[in-house]
Amino acid sequence: MHQDIGDMGPVDYLIVEFPGSRMTGEGLPLLVDLVEGGVIRILDLVFIHKGTDGSVEVVELRNVGDEVDLTVFEGASSGLLDQGDLDDAGATLEAGNSAAVVVYENVWAAPLARALRRGGAEVVASGRIPVDALLASLEAAEATAAP
């Protein structure tokens, strides 16, 4: 990463598990659109496989499968992820499955983040609401609002 950290937007990560190590590539065009539209910047994209013995190994992009062309992401490595991070990611997987570990900058939020930092503000908490929890909350609200 050659960019000044103070100019960056928030950085997030995703671990996307592929049961049976089968990746269809269905979401890949959407990821490419986010990058090309300047919404996000991929800092790291690593594929891992969890063996039946619990070991975690990196899978080269060219070996992910024939269904998906990932050459657009070759070289997406900032050095943020080390083997310990990949082992932690692998701990969330079922044995025999694979995953994509994606670290990305929210480029869309960079101007806001810079303005807040200049004003002396800092983010003191951050999180994500799982879709299942959101749906359950909405259903509960609808149930109490129904006559």
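Biologist: What makes Glu-105 buried or exposed in this model?

Modeller: This is a predicted model, and in it Glu-105 has a relative accessible area of 2%. Buried means under 20%, so Glu-105 counts as buried.

Biologist: How do you know that Glu-105 forms a salt bridge with Arg-41?

Modeller: Happy to show you! The closest N and O atoms of Arg-41 and Glu-105 are 2.9 Å apart. A salt bridge needs a side-chain nitrogen of Lys or Arg within 4 Å of a carboxyl oxygen of Asp or Glu, so this pair qualifies. Arg-41 lies in strand β2 (residues 41-50) and Glu-105 in strand β4, so the salt bridge ties together parts that are 64 residues apart in sequence.

Biologist: And why is Arg-41 called partly exposed?

Modeller: Its relative accessibility is 27%. Partly exposed covers the range between under 20% and over 50%, so Arg-41 belongs there.

Biologist: How many salt bridges does a search of the whole structure find?

Modeller: The search finds 2. Asp-12 forms one with Arg-128, with the closest N and O atoms 3.7 Å apart; the cut-off is 4 Å, so the pair counts. Asp-12 sits in strand β1 (residues 11-18) and Arg-128 in the loop between α3 and α4, 116 residues apart.

Biologist: What makes Arg-128 exposed?

Modeller: Its relative accessible area is 58%, and exposed means over 50%, so the word fits Arg-128. Asp-12, at 22%, is partly exposed.

Biologist: Good, now the loop between β4 and α3. Why is Asn-106 called buried?

Modeller: Asn-106 has 9% relative accessibility, and the limit for buried is under 20%, so Asn-106 counts as buried. Leaving aside neighbours within four places in sequence, Asn-106 is in contact with Gly-9, Pro-10, Val-11, Asp-12, Val-39 and Ile-40.

Biologist: Which residues form the nonpolar patch on the surface?

Modeller: They are Ile-129, Val-131, Leu-134, Leu-135 and Leu-138, with about 490 Å² of accessible area together. Ile-129 is in the loop between α3 and α4 (131-145). Patch residues need over 30% relative accessible area; Ile-129 has 61%, so it is also exposed.

Biologist: Which residues form the negative surface patch?

Modeller: Asp-82, Asp-85, Asp-87 and Asp-88 do. Asp-88 is found in helix α2 (residues 83-91). At 55% relative accessibility, Asp-88 counts as exposed, because exposed means over 50%.

Biologist: Where do these elements fall along the chain?

Modeller: From the N terminus on, they run β-α-β-β-α-β-α-α.

Note on methods:
Residues are numbered from 1 along each chain as its sequence is written. This is a predicted model: local features need pLDDT of at least 70, side-chain atom pairs count only at pLDDT 80 or more; totals for chains, interfaces and linings use all residues. Side-chain values use heavy atoms; hydrogens and water are left out. Helices (H or I, at least four residues) and strands (E, at least two) are DSSP runs, numbered from the N terminus. Patches are made of residues with over 30% relative accessible area and no salt bridge: like charges are joined within 9 Å, nonpolar side chains (Val, Leu, Ile, Met, Phe, Trp, Tyr) within 5 Å. Accessible areas come from the Shrake-Rupley method with a 1.4 Å probe; for residues, only the protein chains shown count as cover. Lys and Arg count as positive and Asp and Glu as negative; His and the chain ends are not counted. The place of a charge is taken as NZ of Lys, CZ of Arg, CG of Asp or CD of Glu. Buried means under 20% relative accessible area, exposed over 50%, partly exposed in between (1.4 Å probe, protein chains only). Contact means heavy atoms within 4.5 Å.
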